[in-house]
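I opened a fresh page for this one and kept my notes in the order I looked things up. Have the viewer open alongside, and follow along as you like.

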Amino acid sequence: MTTRIPLMAGNWKMNLDHHQATHTVQKLAWALRDGKHDFSAVEVAVLPPFTDLRSVQTLVDADKLELKYGAQDLSAHKAGAYTGEISPVFLAKLGVSYVTVGHSERREYHAESDALVNAKLRNALEEGISPILCIGEDLETRRAAAHVQHTLLQLEGGLADVTAEQVRDVVIAYEPVWAIGTGETATPEDAQEMSEAIRGRLAELYDADTAQVVRVLYGGSVKSSNVASIMAKPDVDGALVGGASLDPEEFAKIARFQAHAVGL
Ligand SMILES: O=C[C@H](O)COP(=O)(O)O
């Protein structure tokens, strides 16, 4: 049987400058230590803005924190005349483990297509960075009961030309757009329905063993008060946390979701 190590990734979005990032990571490390967090049981990552990454790297290295960190976007190119873009080569040099691709805010505000998301995802993989591929439907699509079909199409588009060996390093994040930053959370059953559908499609695109290895996260108004019920679902392997990850105490509680589950 395959064991998928849960991942709790905090997407800070465009919040916290590099001074604030240092304080937040220090507080998070303390909060996790207080809770005697077992990093081999639950991986914890923060995804700060680009300008914070060097400071976070310095702190993680200096204090030998087990915390992982990542970026929120990357270029589809390696180098050259692409003003404002950030290469995965640079991110890899900063020790970045993860990068989100295709977040709904990038798709909506920057018109990112599945083809561009796919190019970025493959570029990250080539540099040894695990992409977190974000997919999910808006409210209209859900009301039309087309959410599974829509989300699986985004999955296929994002994974075009990705091999079975490579996809093992990809993390999928199901984020229903209507639940992002709204306080609305999909029910644990909604999260399970989609995570199971994603894993089923991965088995069709690749094979059953590969599908069992890939982690599927849920994102959308995750908090310490709802994380345990979502994590209780068999195909949900973690959370992509936005707003709640800006509060280190709260994010540490989310990472300790098993404690909530047993009422500690
Ligand atoms: O990347 C994170 C998601 O967009 C969820 O954000 P949220 O937890 O603030 O709803």
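**Entry 1: an odd phi**

Where is the place of K13? I found K13 in the loop between strand 1 (7-11) and helix 1. Before going on, I note for myself that this is a predicted model. I stopped at K13 because its phi is near 55°, a positive value in a residue other than glycine. As a reminder, most residues other than glycine have a negative phi. I then checked the surroundings of K13: there are 19 C-beta neighbours inside 10 Å, so K13 counts as partly exposed.

**Entry 2: another positive phi**

A145 also went on my list, with phi near 55°, a positive value in a residue other than glycine. I located A145 in the loop between helix 6 (139-143) and helix 7 (147-158). Is A145 buried or exposed? I get 8 C-beta neighbours inside 10 Å for A145, so it counts as exposed.

**Entry 3: the UniProt positions**

Next I turned to the record. For "active site", the unreviewed UniProt entry lists H103 and E175. They span 73 residues in sequence, yet no two of their C-alpha atoms are more than 8.5 Å apart, so I can say that they gather at one spot.

I took H103 to begin with. H103 sits in the loop between strand 4 (98-101) and helix 4 (104-109). With 28 C-beta neighbours inside 10 Å, H103 counts as buried.

Then I went to E175, in the loop between strand 6 (171-174) and helix 9 (188-205). E175 is buried, and I noted 28 other C-beta atoms within 10 Å of it. What is E175 in contact with, leaving aside its neighbours within four places in sequence? I wrote down S104, C134, G136, I180, G219, G220 and L240.

**Entry 4: helix 1 and helix 2**

Now the helix pairs. Two packed helices are described by the angle between their axes and the distance between the axes, so I looked up both. Helix 1 (residues 18-34) and helix 2 (residues 53-62) pack at an angle of about 30°, and their axes are 9 Å apart. Angles under 35 degrees count as roughly parallel, and therefore helix 1 and helix 2 are roughly parallel to each other. I recorded their crossing as right-handed.

Which residues meet here? From helix 1, I have H18, A21, T22, V25 and Q26, and they meet S55, V56 and L59 in helix 2. Sorted by class, the contact of helix 1 with helix 2 has four nonpolar, four polar and no charged residues.

**Entry 5: helix 1 and helix 12**

I stayed with helix 1 and tried another partner. The axes of helix 1 and helix 12 (residues 248-255) come within 8 Å and cross at roughly 40°. That makes helix 1 oblique to helix 12. The crossing in which helix 1 passes helix 12 is right-handed. On the helix 1 side, I listed T24, K27, L28, A31 and L32; on the helix 12 side, P248, E249, F251, A252 and A255. By class, I have seven nonpolar, one polar and two charged residues in the contact of helix 1 with helix 12.

**Entry 6: helix 7 and helix 9**

The next pair was helix 7 and helix 9, which pack at an angle of about 45° with their axes 10 Å apart. Helix 7 and helix 9 are therefore oblique to each other. I noted a right-handed crossing where helix 7 passes helix 9. Helix 7 makes this contact with V148, T151, L152, L155 and E156, and helix 9 with M194, A197, I198, R201 and L205. For the contact of helix 7 with helix 9, the classes come to seven nonpolar, one polar and two charged residues.

**Entry 7: L155 up close**

I picked L155 in helix 7 for a last look. L155 is buried, with 21 other C-beta atoms within 10 Å; the cut-off for buried is 20 or more. What does L155 touch, not counting residues up to four places away in sequence? My list for L155 reads I135, I172, I198 and R201. I198 and R201 are also among the helix 9 residues that make the contact with helix 7. As for I135, the C-alpha atoms of L155 and I135 are separated by 6.7 Å, with the two residues 20 apart along the chain.

How values were computed
Residues numbered from 1 in each chain as written. Predicted model: local features only at pLDDT ≥ 70, side-chain atom pairs only at ≥ 80, totals over all residues. Axes fitted to C-alpha atoms, helices over the stretch in contact; angles between N-to-C directions. Helix = DSSP H or I, 4+ residues; strand = E, 2+ residues; numbered from the N terminus. Parallel < 35°, antiparallel > 145°, perpendicular 65-115°, else oblique. Left-handed = near helix turned anticlockwise from the far one by under 90°. Contact = placed C-beta atoms within 7 Å. Nonpolar A, V, L, I, M, F, W, Y, C, P; charged D, E, K, R; others polar. Buried ≥ 20, exposed ≤ 12 C-beta atoms within 10 Å, placed from the backbone. UniProt positions renumbered as here; feature names shortened; annotations may be inferred.
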